[in-house]
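Here's a walk through a fold, one sheet and its packing at a time. Have the structure open as you read.

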Amino acid sequence: MQHQSDEHRAAVSTKLMSWDSSLPKALVVACSDGRIHAAIELFIQNDLHIDRYDRMYVPGGAGALAPSGAEFARAHQHHRECRFLIEAHELDTVVLLFHGPSSDGPSDALCGDYCRKFPGASGTEIRRAQDQDLHDVLRLGTWREMRIVVARYEVTKDGDVRFITLHDSAEHNDDT
Ligand SMILES: [Zn+2]
């Protein structure tokens, strides 16, 4: 029995790649929603030219870090985890992502976490809530020395996916 078990283990332990111990310099915070990740990877690589990055995928994405509202304890916890990664890996870039439909996009593209937090809210109301969260998250002292990019993944009425860059501290140094 033991022999068979070892054989089975060997069969699934094929080498995929070599271990690279160098640490990424960027952190991407995005919603856990698996429908959005293929496009996120393309955006990060092609538009931001970041090849390797730490990931924090939690429901709501960047909104999960917003310190305002009724979910202060949850935001505080996610914020602490973010800070841990930033300090442990000495990261210099953070990419914060929201997602949802464009203003005329399909309602099934709404972020489920925002639908949970704002039951019955329209797409416009949820976009407004995300804008408020963006404002609050940018004010967190954590990012002070880092490049911070904030973008919204949007699905248009034709079903196309696009990214709207809402903020990039490398381009302008104001607070908003
Ligand atoms: Zn979501």
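Which residue is the bridge partner of Gly-100 in β4? That would be Glu-154. Keep in mind throughout that this is a predicted model.

**The sheet**

That pair sits in an open sheet of five strands, ordered β2-β1-β3-β4-β5, with mixed pairing. The edges belong to β2 (54-57) and β5, each of which has a single partner strand, so one side of each has no neighbour in the sheet. On average, and ignoring direction, neighbouring strands are turned by 20° against each other.

Here is how the strands pair up, with one example of facing residues for each pairing.

| Strand pair | Sense and bridges | Example of partners |
|---|---|---|
| β1 and β2 | parallel, four bridges | Val-29 and Met-56 |
| β1 and β3 | parallel, four bridges | Val-28 and Val-95 |
| β3 and β4 | parallel, nine bridges | Leu-97 and Ala-151 |
| β4 and β5 | antiparallel, seven bridges | Tyr-153 and Phe-163 |

In general, strands of a sheet pair through backbone hydrogen bonds, in either the parallel or the antiparallel sense. The antiparallel pair here, β4 with β5, forms a hairpin with five residues between the two strands. In its turn, Gly-159 has a positive phi of about 85°.

**The strand in the middle of things**

Now look at β3 (93-101). How many of the nine residues of β3 are buried? Nine of the nine are, so the strand is largely enclosed by the rest of the structure.

Val-95 gives a good feel for that setting. Besides standing opposite Val-28, Val-95 is in contact with Ala-26, Val-28, Ile-44, Leu-48 and Val-149, once its neighbours within four places in sequence are set aside.

Val-95 also turns up in the largest nonpolar core, which has 37 residues. The members touching the most other members are Val-28, Val-29, Ala-62, Leu-65, Val-95, Leu-96 and Leu-97. At least two core residues come from each of β1, α2, α3 (72-88), β3, α5 (123-138) and β4.

**Helix α2 and its two sides**

Which residues of helix α2 (residues 37-47) are buried? They are Ile-40, Phe-43 and Ile-44. Looking down the axis of α2, these buried residues fall within an arc of 95°, so they line one face of the helix. The spacing fits the usual picture: an α-helix has 3.6 residues a turn, so residues three or four places apart point the same way.

Turn to the other side of α2 and you find Ala-38, Glu-41, Leu-42 and Asn-46, which are exposed. As for what covers the buried residues of α2, the list includes β1 (26-30), β3 (93-101), β4 (147-155) and β5 (161-168). Ile-44 ties this back to the strand above, as one of the contacts of Val-95. After α2 comes His-49, with a positive phi near 60°.

**Helices on the sheet**

Back to the sheet for its packing partners, starting from the four parallel bridges that join β1 to β2. α2 packs on this sheet, touching β1, β3, β4 and β5, and its direction makes about 55° with that of β5. α5 packs on the sheet as well, touching β3, β4 and β5, and the direction of α5 makes about 170° with that of β3.

Notes:
Residues numbered from 1 in each chain as written. Predicted model: local features only at pLDDT ≥ 70, side-chain atom pairs only at ≥ 80, totals over all residues. Buried ≥ 20, exposed ≤ 12 C-beta atoms within 10 Å, placed from the backbone. Arc of directions from axis to C-beta. Contact = placed C-beta atoms within 7 Å. Pairing = 2+ DSSP bridges. Core = buried A, V, L, I, M, F, W, Y, C linked by C-beta atoms within 7 Å. Axes fitted to C-alpha atoms, helices over the stretch in contact; angles between N-to-C directions.
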